[in-house]
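Visitor: I am new to this structure and would love a close look at just one part of it. Could you pick a good place to start and walk me through it slowly?

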Amino acid sequence: MSDAHTQPLEIRPLMISRIMEIDWADGHTSQLSFEHLRVECPCAECKGHTPDEAQVITGKEEVSIVDVLPVGNYAIQIHFSDGHNTGIFTWEYLRRLDAQAAGVQ
């Protein structure tokens with residue numbers, strides 16, 4: 001069960017700035033670049049099944065988001081302009097990416 005820290009209220013992909021804003025129930029707003037989301041895609045193709053299998057994703061500075069689909073009540077699936085769409089981004093993972101982007105581990 002999600003707490004306010006990991007419960008999104010609104011998700012806004014801002015196409016011109018290539019930033020996804022997420023308003024969380026605890027009052028925080030995340031701002032994640034499309035590039036960061038694509039590079040950190042959690043799917044097995046990108047991250048592998050073990051750390052040794054993880055791919056280094058580069059060259060995604062111009063990637064856009066084509067669609068964002070809900071996955072149950074716990075995640076979204078992002079369709080990127082490079083054709084990639086297999087990652088399931090859970091609320092917890094998105095919040096972790098926000099902390100990572102802010103330099104908080």
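**A salt bridge and its surroundings**

Guide: Let us start with one pair of side chains: arginine 12 and aspartate 23 form a salt bridge, with N and O 2.7 Å apart. The two residues come from distant parts of the chain, as arginine 12 belongs to strand E1 (residues 8-14) and aspartate 23 to strand E2 (residues 19-24), 11 residues apart. Please keep in mind as we go that this is a predicted model.

Why would two such side chains meet at all? Side chains of opposite charge can pair when their charged atoms come close.

Arginine 12 also has a second partner: its side chain meets that of glutamate 21 in another salt bridge, again 2.7 Å from N to O. How enclosed are these two? Glutamate 21 has 15% relative accessibility and therefore counts as buried, the cut-off being under 20%. Arginine 12, at a relative accessible area of 21%, is partly exposed. If you step back a little, you will see that Glu10, Arg12, Glu21 and Asp23 are linked in a network of salt bridges.

Now look at the backbone that carries these side chains. E1 and E2 run antiparallel and are joined by six bridges. One of the network's members shows up here too, since the bridge partner of glutamate 10 in E2 is aspartate 23. Proline 8 has tryptophan 24 as its bridge partner in E2. Following the chain from E1 to E2 takes you round a hairpin with four residues between the strands, where arginine 18 takes a positive phi near 55 degrees.

E2 has another neighbour as well. With strand E3 (residues 29-33), E2 pairs in the antiparallel sense over five bridges. To find this pairing, look for isoleucine 19, whose bridge partner in E3 is serine 33. E2 and E3 also make a hairpin with four residues between them, and glycine 27 in that turn has a positive phi of about 95 degrees. How enclosed is E2 itself? Five of its six residues are buried, so E2 is largely enclosed by the rest of the structure.

For comparison, here is one more salt bridge. Arginine 38 pairs with aspartate 82, their closest N and O atoms being 2.8 Å apart. Arginine 38 sits in helix H1 (residues 34-39), while aspartate 82 is in the loop between strand E5 (75-80) and strand E6 (88-90), so this pair ties together parts that are 44 residues apart in sequence. Arginine 38 counts as buried at 6% relative accessibility, whereas aspartate 82, at 33%, counts as partly exposed. Arginine 38 has a further contact: its charged end sits over the ring of phenylalanine 80, 6.0 Å from the ring's centre.

How many salt bridges are there in the end? The count comes to eight. Aromatic pairs are a shorter story, as the structure holds one. In that pair, the rings of phenylalanine 89 and tyrosine 93 have centres 6.1 Å apart and planes at 50 degrees, so the pair is tilted. Both phenylalanine 89 and tyrosine 93 are buried.

Technical notes
Residues numbered from 1 in each chain as written. Predicted model: local features only at pLDDT ≥ 70, side-chain atom pairs only at ≥ 80, totals over all residues. Heavy atoms only, no water. Salt bridge = Lys/Arg side-chain N within 4 Å of Asp/Glu carboxyl O. Buried < 20%, exposed > 50% of the residue type's maximum accessible area, 1.4 Å probe, protein only. Pairing = 2+ DSSP bridges. Phe/Tyr/Trp six-rings, centres within 6.5 Å; stacked < 30°, edge-to-face > 60°. Lys NZ or Arg CZ within 6 Å of the ring centre and 35° of its normal.
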